[in-house]
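This report goes through selected residues, the ligand site and the internal space of one protein model. Please look at the sequence and the structure before reading on.

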Amino acid sequence: MKRVLSGIQPTADSFHLGNYLGAVKQWVDLQSDHDAFYCVVDLHALTVETDPEVLRKRTLLAAAQLIALGLDPDKCTLFIQSHVPEHNQLGWVLECLAGFGEANRMTQFKDKSQKSGADRTVVGLFTYPILQAADIMLYQANRVPVGEDQRQHIELTRDLGQRFNSKYGQTFTIPEAHIIKSAAKINDLQDPNAKMSKSSASSSGVIDILDSAEVNAKKIKSAVTDAGKEVKFDEKEKPGISNLLTIHSALSNRAISDIESEFAGKGYGDFKSAVAEVVTSYFAPVKKRTEELLSDEAHLLKILEQGRQKARAVAAETLAKTYSALGLVPSSFKDK
Ligand code: TRP
């Protein structure tokens, strides 16, 4: 079985619809025919200043949501990044291999550091993609399911892996970005030409999956559409309606053409009500399950401990191989 690895940051109080349809849904599909490793990348979240209580809460919340959305801890390895110290250890090794200029070319770093200004940009934001490369190569992952915006980071990972292998001997599997073309690209409800994102200007265009049915129905009903009347998929002329059709189709599992014919001759109002119904009924059980999981923290931590053990076994082996290839002298101390 091919191995996949992916990670998600615990930086919000809820995943939004774009996170789910653009990424997590694919993670769920991949766990059935891949050896899948998924982690909540809490160390990456330290690159933006967060209140400790908030980070703690969001990390558990992220894990609970992933399970509620369909990740099965018996089918995949679900863990928290900071539980496996080898991420930082391999991260350092890769930092010593990456060029400063190479890291400086990462567009996500340029965007994020520009936004926050030079004196508020931490070094960790600069080395962020190198830690990400460690996340991936520690597990010898073949595929990395990510959105288009992560392509450059996967390219960097490949470059670092190839460089290491050619300098020190075959050590790392060179991963491929697994950017699923059919994955639904979900746009902002208020700005249907821009991607739905947690950093969007206003929250009214973003569907948080843990929000109440009322809030989400209201957001959908006030989604920006065009002045026409026809429910028809046309990304250029009707980006708002097309976005709602994409959302409906992805969650109801119906063809877009089928939905179009259902609403032929009906107005946008009816259509929006139907989309609201599809979205809220899809996520109601997810919200309930997430709350159940969070209400028994000891049980949730036990699930994550099971993941940590599986992850650590692989990570420790890769790190030992890496240290040995580099000529780092192993100590005579035996841990276990
Ligand atoms: N940088 C990724 C994002 O923002 C998150 C991430 C961290 C990741 N480590 C990873 C994704 C490893 C894939 C593999 O979406």
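## Residues, ligand site and cavity

Lys167 has a relative accessible area of 55%, so this residue counts as exposed, the cut-off being over 50%. The model described here is a predicted one. Lys167 sits in helix α8, which spans residues 151–168. Along the sequence, 94 residues separate Lys167 from Pro73, and their C-alpha atoms are 37 Å apart in space.

Two residues can be set against this exposed lysine. Gly91 belongs to helix α4, residues 86–95. Its relative accessibility is 2%, and Gly91 is therefore classed as buried, because buried means under 20% relative accessible area. From Gly91 to Arg3 the C-alpha distance is 20 Å, with the two positions 88 residues apart in sequence. Val4 is part of strand β1. With a relative accessible area of 0%, Val4 is buried. The pair Val4 and Trp92 is 88 residues apart along the chain, and the C-alpha atoms of the two are separated by 23 Å.

**Backbone angles**

Most residues other than glycine have a negative phi. Which angle does Gln140 have that is positive although Gln140 is not a glycine? The angle is phi, with a value of about 55°. Gln140 is placed in the loop between α7 and β4, the latter covering residues 143–145. The relative accessible area of Gln140 is 16%, so Gln140 counts as buried.

Asn253, a residue other than glycine, also has a positive phi, near 65°. The loop that holds Asn253 runs between α10 (239–252) and α11 (256–262). Is Asn253 buried or exposed? Asn253 is exposed, because its relative accessible area is 72% and the exposed class begins over 50%.

**The ligand site**

The ligand is surrounded by 13 residues. Gly7, Tyr128, Gln132, Asp135 and Gln150 are the closest of them. Three of these residues place a polar side-chain atom by a nitrogen atom of the ligand, as listed here.

| Residue (polar side-chain atom) | Ligand atom | Distance |
|---|---|---|
| Tyr128 | nitrogen | 2.8 Å |
| Gln132 | nitrogen | 3.0 Å |
| Asp135 | nitrogen | 2.7 Å |

On its own, the ligand has 370 Å² of accessible area, and the protein covers 88% of that area. Which element gives the largest share of the shell around the ligand? Helix α7 does, with four residues. Both β1 (3–8) and α7 (123–137) contribute at least two residues each to this shell. Sorted by class, the shell holds six nonpolar residues, six polar residues and one charged residue.

**The cavity**

Rolling a probe the size of a water molecule over the atoms shows where empty space is left. How many cavities of 30 Å³ or more does a search of the whole structure find? The search finds one. The largest cavity contains about 40 Å³ of space.

The lining of the largest cavity is made up of Gln108, Phe109, Lys112, Leu125, Tyr128, Pro129 and His153. Tyr128 thus appears in this lining and is also among the residues closest to the ligand. Helix α6, residues 107–116, supplies at least two lining residues, and so does α7. Helix α7 contributes in this way to the cavity lining as well as to the shell around the ligand. By class, four residues of the lining are nonpolar, two are polar and one is charged.

Notes:
Residues are numbered from 1 along each chain as its sequence is written. This is a predicted model: local features need pLDDT of at least 70, side-chain atom pairs count only at pLDDT 80 or more; totals for chains, interfaces and linings use all residues. Side-chain values use heavy atoms; hydrogens and water are left out. A residue is near a molecule or strand if one of its heavy atoms lies within 4 Å of it. A polar contact is a pair of N or O atoms within 3.5 Å; within protein, one must be able to donate a hydrogen and the other to accept it, and residues adjacent in sequence count only if both atoms are side-chain atoms. Accessible areas come from the Shrake-Rupley method with a 1.4 Å probe; for residues, only the protein chains shown count as cover. Ala, Val, Leu, Ile, Met, Phe, Trp, Tyr, Cys and Pro count as nonpolar, Asp, Glu, Lys and Arg as charged, and the others, Gly among them, as polar. On a 1 Å grid over the protein atoms alone, a cavity is a set of points where a 1.4 Å probe fits but cannot get out, and a pocket is an open set with protein on both sides within 12 Å along at least five of seven lines; lining residues have an atom within 4 Å of a point. Grid points are joined across faces, edges and corners, and a volume is the space filled by probe spheres set on the points. Buried means under 20% relative accessible area, exposed over 50%, partly exposed in between (1.4 Å probe, protein chains only).
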